[in-house]
Amino acid sequence: MKAAVLGNSGVEVRDLPKPEPKPTEVLIRVRASSLNRADLLVASGHQHGSVGGTGARIGLECSGEVEAVGSDVKDIKPGDRVMASAPGGFAEYAVTDAGRVNRIPGNNMTYEQAACFPVALQTMHNAVVTAGRLKRGETMLMQGASAGVGLMLSLIHI
């Protein structure tokens with residue numbers, strides 16, 4: 001399969017083996033990917049979490065169809081239209097943990113639209129709901145959030 005990888009002289013398209021999902025993972029046939037600020041950092045040689053350095057696969061999120069699921073995955077099946085935060089999303093196939101995969105709602109969202117949601121939504125949800133513990137009826141002042149996460153947060157209604 002073709003994939004974007006950080007080489008010694010910048011980003012290269014390489015032929016890599018098609019990934020195989022582990023028991024808790026999902027293999028996605030990628031139809032669209034989106035570009036995030038963190039992708040630019042990784043592409044320029046910086047570390048982003050556990051991703052980075054020469055040989056790192058580029059791309060943090062994508063959308064497509066599920067090709068295969070690991071033996072422990074129950075709620076997602078081959079053929080499902082999904083969006084996911086998936087390391088190495090700038091490739092023909094990406095594999096990620098099933099907890100990072102969401103079905104694309106309805107049939108009115110394109111793959112290109114869906115590929116723009118996972119990282120921003122998951123980051124916003126973690127910041128506001130999980131870590132911030134915002135509850136129904138509470139008010140929050142958002143200050144200093146920008147880009148995709150800030151846009152997602154401006155749309156939230158709990």
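**Entry 1: the sheet**

I began with the strands of this predicted model, and I found five of them forming an open sheet in the order β6-β3-β4-β5-β7, with antiparallel pairing. β6 and β7 (101-103) stand at the edges with a single partner strand each, so one side of each has no neighbour in the sheet. I then looked up how the neighbouring strands are set against each other, and on average they are turned by 45 degrees, with direction ignored. As background, I noted that strands of a sheet pair through backbone hydrogen bonds, either parallel or antiparallel.

Which strand pairs with β6, and over how many bridges? I found that β3 pairs with β6 in the antiparallel sense over five bridges, and within this pairing L27 stands opposite V95 of β6.

**Entry 2: the hairpin at the start of the chain**

Next I turned to β1 (residues 2-7) and β2 (residues 10-15), which pair in the antiparallel sense over six bridges. The two strands are joined by a hairpin through two residues, and I noted that A4 has V13 in β2 as its bridge partner. I also asked how many residues of β1 are buried. The strand is mostly covered, since five of its six residues are buried.

**Entry 3: confidence**

Before reading the spaces in the model, I checked the confidence values, and the chain averages a pLDDT of 90, with 95% of the residues scoring at least 70. Where in the chain is the confidence lowest, and where is it highest? It is lowest in α4, at a mean of 72, and highest in β3 (residues 25-33), at 98. I keep in mind that predicted coordinates should not be read in detail where pLDDT is low.

**Entry 4: the largest pocket**

I then looked for open spaces, and the largest pocket holds about 370 Å³. Its lining consists of 19 residues, of which N36, R37, V119, G148 and V149 are the closest to the centre. The elements that each give two or more residues to this lining are α1 (37-43), α3 (118-131) and α4 (147-154). Among the contributors to the lining of the largest pocket, α4 gives the most, with four residues, and I set this beside my earlier note that confidence in the chain is lowest in α4. By class, I recorded 11 nonpolar, six polar and two charged residues in the lining of the largest pocket.

**Entry 5: the second largest pocket**

The second largest pocket has a volume of about 280 Å³. There are 14 residues in its lining, and the closest to its centre are H48, L60, S85, P87 and R100. Two elements, β6 (93-97) and α3, give two or more residues to the lining of this second pocket, and α3 provides the largest share, three residues. I recorded five nonpolar, seven polar and two charged residues for the lining of the second largest pocket.

**Entry 6: the enclosed space**

Last, I looked for cavities of 30 Å³ or more, and the count came to one. Which residues line the largest cavity? They are D39, V42, V51, R57, I58, G59 and L60, and they surround a space of about 30 Å³. By class, this lining divides into four nonpolar, one polar and two charged residues. I noted that L60 lines the cavity and is also among the residues closest to the centre of the second largest pocket.

Key. Residues numbered from 1 in each chain as written. Predicted model: local features only at pLDDT ≥ 70, side-chain atom pairs only at ≥ 80, totals over all residues. Heavy atoms only, no water. 1 Å grid on protein atoms, 1.4 Å probe; cavity = no way out; pocket = protein on both sides within 12 Å on 5 of 7 lines; lining within 4 Å. Points joined across faces, edges and corners; volume = space filled by probe spheres on them. Nonpolar A, V, L, I, M, F, W, Y, C, P; charged D, E, K, R; others polar. Buried < 20%, exposed > 50% of the residue type's maximum accessible area, 1.4 Å probe, protein only. Pairing = 2+ DSSP bridges. pLDDT = per-residue confidence, 0-100. Axes fitted to C-alpha atoms, helices over the stretch in contact; angles between N-to-C directions.
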